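Reader: I would like to learn how to read pockets, cavities and an annotated site in a model. Can you take me through one case?

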Amino acid sequence: MAVRVNTSIFILCISILLSTSHSQQLTTSFYHKSCPRFEQIMQDTTTNKQIASPTTAGAALRLFFHDCLVDGCDASVLISSTPFNKAERDADINLSLPGDGFDVVVRAKTALELACPGVVSCADILAVATRNLVSMMGGPFYNVQLGRRDGRVSQASRAENTLPKPIMSMDRIIMIFKSIGFSVQEMVALTGAHTIGFTHCSQISSDIYNYSRTSQFDPSYNPRYAAGLRNACADYRKNPSLSVFNDIMTPRIFDNSYYKNLPKGLGVLRSDRALVMDRRTRPFVELYSRDQKAFFDAFARAIEKLSLYGVKTGRRGEIRRRCDSVN
């Protein structure tokens, strides 16, 4: 009888230890005592950076997505490559990530290290910077749970094999999001992030130049829009940095204009235009195009959920001294 009781107690203790080691509690007040000025420093940094560089919001939002979708929100996308490891940021799909997204994190980390050294993770900085910038652009304010640790692993191959690409079929894109626990509706809501930011011309060149024997551009484009894109991107081979806004109507406002554009053939990326052509995604495009509050509510819920995906806490991560390298 004693052996059975002791065995039960032992199993219970092991279960508790395993659960706590994998799920340290995150909280919105995580830094209230350890770094009281955290929120103010983050607000000042993101505001100043956005004013100086208006593309920062879109850049940070895209950087956040590319970080979280690859093994969780652990700032692994910020790590630089070494002679021994090609990191996520140098994967082909990430080479077009705008520098302003990285820069706002570096600025915030520098300020926070002066105020409270070794306390705030780069993962938390990126999550909060993204939220602040979305809100600054007119988007919804949502809660960000804090207490993430920074990841120690960053591999370009993981990014290439995990991140959705604009040329993928809708089946494949839906499957990628489903594999990390996101519904079709949540995927469509998150894609609404394309209401701000820009796309490099090189990413759409195959859709606007020599598309087929019968058409110079993808016929799912509005013809006048395609002509405008072809003109704007004419020198993309000589100038790889050439880019176009994701939302032609209100590129600097986080609103539901992105969804209104899609039925008119005004989606920049092939995956954008596919949303309105697929029977599984079209109802949500139509909903968010006519009801901005529905979009904001859905986006806030989905990005809060994404911000908790694959979070590392406790010994599973670290607080990096520099965001571009492990300790």
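Author: What follows goes from the empty spaces to two single residues. Keep in mind that this is a predicted model.

Reader: How is empty space found at all?

Author: Rolling a probe the size of a water molecule over the atoms shows where empty space is left. Here the count comes to three cavities of 30 Å³ or more.

Reader: What is the volume of the largest cavity, and which residues lie nearest its centre?

Author: The largest cavity holds about 620 Å³ of space. Its lining has 30 residues, with Arg-62, Phe-65, His-66, His-194 and Leu-269 nearest the centre. By class, 19 of the lining residues are nonpolar, nine are polar and two are charged.

Reader: Which element gives the most to that lining?

Author: Helix α3 does, with six residues. At least two residues each come from α3 (56-68), α7, α8 (184-191), β1 (198-200) and α12 (270-275).

Reader: Where does the largest cavity lie with respect to the domains?

Author: Look at which domains supply the lining. Domain 1 (37-162) and domain 2 (170-303) both contribute residues, so the largest cavity lies between them. The second largest cavity, of about 70 Å³, also draws its lining from both domains and so lies between them. Among its lining residues are Pro-54, Met-137, Phe-245 and Arg-252.

Reader: What about the pockets?

Author: A pocket is open, whereas the probe cannot get out of a cavity. The largest pocket has about 250 Å³ of space, and its lining includes Asp-92, Ile-93, Lys-165, Pro-166 and Ser-206. That lining has four nonpolar, four polar and two charged residues. Both domains give residues to it, so the largest pocket lies between them.

Reader: How does the lining of the second largest pocket divide by class?

Author: Into five nonpolar, one polar and five charged residues. Arg-89, Lys-109, Glu-113, Arg-322 and Asp-324 are among the residues that line this pocket, which has a volume of about 170 Å³.

Reader: Which residue does the "binding site" annotation cover, and where is that residue found?

Author: An annotation is a statement from a record, to be read beside the model. The unreviewed UniProt entry places "binding site" at Pro-164. Pro-164 is in the loop between α6 (156-162) and α7 (170-179). Beyond its sequence neighbours within four places, Pro-164 is in contact with Leu-69, Ile-93, Ile-173, Ile-176 and Phe-177.

Reader: Why is Pro-164 called partly exposed, and Thr-45 buried?

Author: The relative accessible area decides. Pro-164 has 23%, so it is partly exposed. Thr-45 has 13% and is therefore buried, since buried means under 20%. Thr-45 sits in helix α2 (residues 38-52) and, its neighbours within four places in sequence aside, is in contact with Val-104, Arg-107 and Ala-108.

Key: Residues are numbered from 1 along each chain as its sequence is written. This is a predicted model: local features need pLDDT of at least 70, side-chain atom pairs count only at pLDDT 80 or more; totals for chains, interfaces and linings use all residues. Side-chain values use heavy atoms; hydrogens and water are left out. UniProt positions are given in the numbering used here, feature names are shortened, and annotations may be inferred rather than shown by experiment. Helices (H or I, at least four residues) and strands (E, at least two) are DSSP runs, numbered from the N terminus. Buried means under 20% relative accessible area, exposed over 50%, partly exposed in between (1.4 Å probe, protein chains only). Contact means heavy atoms within 4.5 Å. On a 1 Å grid over the protein atoms alone, a cavity is a set of points where a 1.4 Å probe fits but cannot get out, and a pocket is an open set with protein on both sides within 12 Å along at least five of seven lines; lining residues have an atom within 4 Å of a point. Grid points are joined across faces, edges and corners, and a volume is the space filled by probe spheres set on the points. Ala, Val, Leu, Ile, Met, Phe, Trp, Tyr, Cys and Pro count as nonpolar, Asp, Glu, Lys and Arg as charged, and the others, Gly among them, as polar. Domain bounds come from an automatic or database domain assignment.
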